[in-house]
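Me: I am new to this structure and would be grateful for a close look at one part of it, the second largest pocket. Please begin there, and then place it in the setting of the other local features.

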Amino acid sequence: MDDSAEELLSSELEDDHYASCSSSTKKGRKSQLPLADPILVETKNETGFHKSTRLCLERIREAMLHHRWEEAAEYMACYAQKLEDTSVVDMVHDREAIWRISTEILHHHPNSKMEDYNTIYERMKHSGVKHYLMISLEHAFHLMLHGQIEEAKRHLTFAESWRYGKTTEAQDQDIKLIQAYRSLLDYIIWCDKKLVRTNNAHTDLSENQEMKDYYRQASVNLKEILKNPGVWDPFILRYVEMLEFYGDHEEAGEVLKNYAFDSSFPPNPNAHVYLYQFLQRRSAPMEKLIKVLRSLHSLVPSHELMLEYSSLLLQSENQEQSALGVVLDMLDYSCWKKNLDVWKRLKEIIDKLQSHDDWRNDVSTKMAARKDWWPALHFARFHASEDAQEYPELLEVKASLIGTLCPALFGPLCILFVCFSVEVSSLVFKTQTFAELTVVVQHEIHEEVEEADPHLPRQPRQHHGSVSQTGCPYTEVAQLPCSPGGVTASGLPVDTVAEGTLTPRPEQ
């Protein structure tokens with residue numbers, strides 16, 4: 001980078017600094033916007049080359065922060081000369097910065113091409129040995145995103161055999177990761193071959209053999225993954241899929257079992273989900289399913305499979321208390337508080353528990369640790385109001401359970417939920433009797449018109465039966481909607497007429 005470029009960068013920075021200062025003091029007050037700290041600070045022994053690269057990096061950052069990707073790419077072409085600096089002993093940080101910044105600019109540049117990516121990745125691979133493996137892996141990712149599976153596999157195969165000096169522990173871990181992804185590419189190619197085989201009515205023996213070759217190549221490294229504790233979800237799933245395709249269900253089950261229950265692996269809820277789904281596909285006994293879901297419950301009590309777990313427990317003998325604990329654990333989390341299926345399952349469990357003599361003690365034992373905070377979570381006044389408007393069926397279920405779950409609240413709060421539930425139920429009666437009242441009013445109006453004008457032709461009198469009581473020429477007054485506040489213990493509105501009274505219309 002020559003002196004002219006250095007002067008240009010210095011003048012541009014001074015102009016921008018002057019512009020920012022003038023805009024901030026234009027109205028006589030300082031700008032309150034936070035300013036980013038400089039990446040590099042000027043040193044005493046700074047040379048002209050180092051000053052130019054420092055200013056260039058500042059310009060790159062400013063352009064990226066304002067999403068001026070074309071401008072950032074132009075400055076980046078100059079800043080790449082930093083790789084040729086021989087005065088710096090350790091260039092690892094600078095090489096990684098150039099690698100990360102270059103790829104980020106290309107990701108957002110509107111005119112970036114695949115050749116630009118390949119140029120950057122190849123140049124950075126050979127600029128040092130510290131990041132060779134990870135740059136190769138990222139290069140393969142980019143090729144995969146563009147559908148170049150074979151090319152990505154070629155790069156990973158070459159990186160898998162790459163060695164430089166004494167292998168460190170970090171490099172060994174990177175090599176294992178590259179082997180795993182190379183096997184994943186073998187799986188992708190195997191899937192393509194399988195799709196072709198499925199679409200073709202007549203398959204060649206060579207195609208079947210080619211599929212098996214890719215299966216063997218993929219399975220070798222995928223099987224080795226289980227020897228290295230970690231989270232390997234996508235790799236394990238692909239390996240199990242291939243094993244099931246070739247009918248090796250016993251090996252597939254063993255792989256999933258070790259992945260879920262091996263104590264050397266970190267706790268992984270997904271591993272138990274994969275094993276449970278596999279056992280379901282194989283129509284495994286209920287005891288095995290319950291065992292897997294019990295382990296999953298200990299890791300994630302709010303998992304969606306806990307609803308199936310409670311169902312399996314209900315189907316087992318004398319497991320109602322365990323099912324009660326599972327559902328209550330789900331309702332401890334706000335994500336399930338409006339789920340009607342969970343509340344219905346809770347009601348089903350309590351109804352089944354009532355066949356036991358000491359069922360109230362069982363419920364109170366489970367609710368002992370929840371009695372202080374469950375009312376605020378599920379049975380507050382605004383819950384009843386909200387449920388009455390948006391979840392009327394949920395409100396009815398909760399109203400039937402509040403006295404059992406929180407007996408200390410069996411009073412004003414319980415009455416509140418029941419009243420809201422009755423108010424929702426009364427809407428059904430109001431809708432039902434609306435048509436009935438319309439018929440009655442129309443008939444009365446017609447009678448008044450006939451009495452006012454006796455010359456009108458008269459029609460024979462007819463009884464207008466109740467809609468709710470078809471076939472009976474009476475209207476049941478007890479079922480007509482009443483004023484707010486008139487609620488019976490049975491949940492039905494009451495009228496001023498005695499309950500059950502039938503008021504016949506007078507005949508004329």
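Reply: The lining of the second largest pocket draws its largest share, six residues, from α11. The model discussed here is predicted. Besides α11 (249–261), the helices α12 and α13 each supply at least two residues of that lining. The second largest pocket has a volume of about 310 Å³. Its lining comprises 14 residues, and those nearest the centre are G253, K257, L275, L279 and K288. By class, six residues of the lining are nonpolar, two are polar and six are charged.

The loop that joins two of these helices deserves attention. S283 is placed in the loop between α12 (269–281) and α13 (286–299). Its phi is near 55 degrees, a positive value in a residue other than glycine. Most residues other than glycine have a negative phi. S283 is also exposed, with a relative accessible area of 62%.

A second residue with this backbone feature is H67, which is not a glycine and has a positive phi of about 60 degrees. H67 is found in the loop between α2 (48–65) and α3 (69–79). At 56% relative accessibility, H67 counts as exposed.

The aromatic residues come next. The structure holds twelve aromatic pairs. One of them joins F245 and Y246 in an edge-to-face arrangement, with 5.1 Å from centre to centre and 90 degrees between the planes. F245 is partly exposed, at 36% relative accessibility, and Y246 is likewise partly exposed, with a relative accessible area of 29%. Another edge-to-face pair is formed by Y259 and F265, where the centres are 5.8 Å apart and the planes meet at 85 degrees. Here Y259 counts as buried at 3% relative accessibility, and F265 is buried with a relative accessible area of 6%. F245 and Y246 also belong to a cluster, in which ring pairs link them with Y187, W190 and Y215.

Charged side chains also meet aromatic rings. K291 lies over the face of F261, at 5.8 Å from the ring centre. R100 lies over the face of W99, at 3.8 Å from the ring centre.

The last topic is the cysteines. A search of the whole structure finds zero disulfides. For C56, the closest cysteine sulfur is that of C78, and the distance of 5.5 Å is too far for a bond, because a disulfide requires sulfur atoms within 2.5 Å. Seen from C78, the closest cysteine sulfur is in C56, again at 5.5 Å and too far for a bond. C56 counts as buried at 1% relative accessibility, whereas C78 counts as partly exposed at 34%.

To return to the starting point, the second largest pocket has a lining to which α11, α12 and α13 each supply at least two residues, with six residues coming from α11.

How values were computed
Residues numbered from 1 in each chain as written. Predicted model: local features only at pLDDT ≥ 70, side-chain atom pairs only at ≥ 80, totals over all residues. Heavy atoms only, no water. Buried < 20%, exposed > 50% of the residue type's maximum accessible area, 1.4 Å probe, protein only. Phe/Tyr/Trp six-rings, centres within 6.5 Å; stacked < 30°, edge-to-face > 60°. Lys NZ or Arg CZ within 6 Å of the ring centre and 35° of its normal. Helix = DSSP H or I, 4+ residues; strand = E, 2+ residues; numbered from the N terminus. 1 Å grid on protein atoms, 1.4 Å probe; cavity = no way out; pocket = protein on both sides within 12 Å on 5 of 7 lines; lining within 4 Å. Points joined across faces, edges and corners; volume = space filled by probe spheres on them. Nonpolar A, V, L, I, M, F, W, Y, C, P; charged D, E, K, R; others polar.
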